[in-house]
Structure formats: C-alpha cells, structure tokens
Amino acid sequence: MTDYKLLCAQLRALTEGVPYRVTNLANASALLWDALPDLNWAGFYWMEDGCLVLGPFQGKPACTMIDVGAGVCGTAVAEDRTQLVPDVHAFPGHIACDSASNSEIVVPIHGRGVVVGVLDIDSPLFSRFDENDREGLEQFVRVLEEIVC
C-alpha cells in the first residue's frame with residue numbers, strides 16, 4: 001500500500017522555496033510516477049480560458065485541451081469532486097488519450113474557492129485505484145494547493 005503521508009512530505013521537501021508553479025507541478029507528477037506502481041500517465045490539467053489545458057505530466061503524449069464536463073477530467077471539474085473510475089470504458093463520454101488506459105482517478109485542485117485544475121492519473125490495470133488512493137491523492141492535492149495556488 002502506498003504511503004501517502006510520506007509522499008506529501010516528499011512533495012513539501014521538493015517544493016520548499018520554489019515559487020514556480022510549472023516547476024512544482026512537474027516535480028509532483030514525477031514524484032507520483034516514481035512512487036505509484038502500474039501507471040501509464042500521471043499529471044495535471046489546468047483551467048485556462050474556461051477549459052482544461054495540458055500541464056506537466058509523466059507518460060505518453062496526451063490530449064491538449066478538455067472541455068468542462070467532458071470525459072473523466074471534465075466531469076471532475078463540473079461536479080467538483082474526485083472521480084474514481086475502475087473501468088474507463090464504462091464511463092460515459094470517456095476520452096481515450098491512450099487506448100492502454102483502463103482505470104483512472106482525477107482529483108480537482110482548488111484555488112481561491114474554485115477549481116483551477118485537476119490531478120489525473122491513469123493505469124493500464126482495471127480497478128487500479130481504491131479508496132486509500134482517493135484519500136491519499138486528495139491529501140496530496142491539498143498540499144499541492146498550498147504550494148501552487
């Protein structure tokens with residue numbers, strides 16, 4: 001089981017004194033990519049001009065823009081809640097940036113009381129993410145919000 005408390009401490013250490021959002025998001029995605037097994041994508045989309053725009057990530061090339069309400073990421077923004085999807089093929093409107101993805105978790109990121117982006121993590125395994133991952137990644141995002149928002 002992943003030690004999310006340790007991951008949050010590592011995130012704080014990596015970002016201490018670094019005032020640059022892109023740098024901190026890049027290191028956060030690399031940290032998750034290295035620490036979590038069985039991933040094929042880990043990264044961020046950031047709200048720009050009313051839609052989600054690709055940010056720092058680890059993995060294969062990805063969709064560059066996602067409308068609010070579209071796919072798992074856009075649904076996370078529209079509903080302002082974490083989306084834990086055991087089988088992306090059963091998710092209505094799923095956007096297949098990588099056909100190898102079978103499960104996904106997306107956590108909204110808040111700044112000044114509104115959703116400013118999302119953490120998006122995909123896996124080639126079905127049901128890769130569970131409630132422990134949801135709670136741990138939501139805490140990871142809370143730490144990230146203190147740093148980048």
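## Overall architecture

Read from one end of the sequence to the other, the protein chain follows the pattern α-α-β-β-β-α-β-β-β-α, which amounts to four helices and six strands. The radius of gyration of the protein chain is 14 Å, close to the 15 Å that the globule rule gives for 149 residues, so the chain is as compact as a globular protein of that length. The model is a predicted one, and the values below are computed from its atoms.

Along its principal axes, the C-alpha trace of the protein chain spans about 40 × 35 × 25 Å. Of the 149 residues, 47% count as buried, while the accessible surface comes to about 7,200 Å², with 53% of that area belonging to carbon and sulfur atoms. Among the contacts in the protein chain with a separation of 6 or more, 53% are made by residues 24 or more positions apart.

## Strand β6 and its partners

Strand β6, which covers residues 114–123, is mostly covered, in that nine of its 10 residues are buried. Strand β6 pairs in the antiparallel sense with strand β1 (residues 41–48) over six bridges, and also in the antiparallel sense with β5, over nine bridges. Asp-120 in β6 illustrates both pairings, since Gly-43 stands opposite Asp-120 and Val-106 likewise stands opposite Asp-120.

The connection between β5 and β6 is a hairpin with two residues between the strands, and Arg-112 in the turn has a positive phi of about 55°. In a regular strand, the side chains alternate between the two faces of the sheet.

## Salt bridges

Side chains of opposite charge can pair when their charged atoms come close. With a nitrogen-to-oxygen limit of 4 Å, the count for this model comes to five salt bridges, and three of them are described here, beginning with a pair that joins two helices.

Glu-146 forms a salt bridge with Arg-12, and the closest N and O atoms of the two are 3.0 Å apart. Glu-146 lies in helix α4 (residues 131–148) and Arg-12 in helix α1 (residues 4–15), so the pair ties together parts that are 134 residues apart in sequence. Glu-146 is exposed, with a relative accessible area of 54%, whereas Arg-12, at 39% relative accessibility, counts as partly exposed.

Helix α4 also contains a salt bridge between Arg-142 and Glu-145, both of which lie in this helix, three residues apart, about one turn of the helix. The closest N and O atoms of Arg-142 and Glu-145 are 3.0 Å apart; Arg-142 is partly exposed, with a relative accessible area of 29%, while Glu-145 counts as buried at 14% relative accessibility. A further salt bridge is formed by Arg-128 and Asp-133, with the closest N and O atoms 3.4 Å apart. Arg-128 is buried, having a relative accessible area of 14%, and Asp-133 counts as buried too, at 4% relative accessibility.

## The disulfide and other cysteines

The structure holds one disulfide, which joins Cys-63 to Cys-97 with an S to S distance of 1.8 Å. The torsion about the S-S bond of Cys-63 and Cys-97 is about -120°, so the disulfide is left-handed. The pair links distant parts of the chain, with Cys-63 in the loop between β2 (51–59) and β3 (65–67) and Cys-97 in the loop between β4 (83–85) and β5 (103–111), 34 residues apart. Cys-97 counts as partly exposed, at 34% relative accessibility.

For Cys-73, the closest cysteine sulfur is that of Cys-97, and the 7.7 Å between the two sulfurs is too far for a bond; Cys-73 is buried, with a relative accessible area of 4%. For Cys-149, the closest cysteine sulfur is in Cys-8, and at 15 Å that sulfur is likewise too far for a bond. Cys-149 counts as partly exposed, at 45% relative accessibility.

Technical notes:
Residues are numbered from 1 along each chain as its sequence is written. This is a predicted model: local features need pLDDT of at least 70, side-chain atom pairs count only at pLDDT 80 or more; totals for chains, interfaces and linings use all residues. Side-chain values use heavy atoms; hydrogens and water are left out. A salt bridge is a side-chain nitrogen of Lys or Arg within 4 Å of a carboxyl oxygen of Asp or Glu. Buried means under 20% relative accessible area, exposed over 50%, partly exposed in between (1.4 Å probe, protein chains only). A disulfide is a pair of cysteine sulfur atoms within 2.5 Å. The radius of gyration is taken over C-alpha atoms; the globule rule is 2.2 Å times the number of residues to the power 0.38. Contact means heavy atoms within 4.5 Å. Accessible areas come from the Shrake-Rupley method with a 1.4 Å probe; for residues, only the protein chains shown count as cover. Two strands pair if DSSP finds at least two bridges between them.
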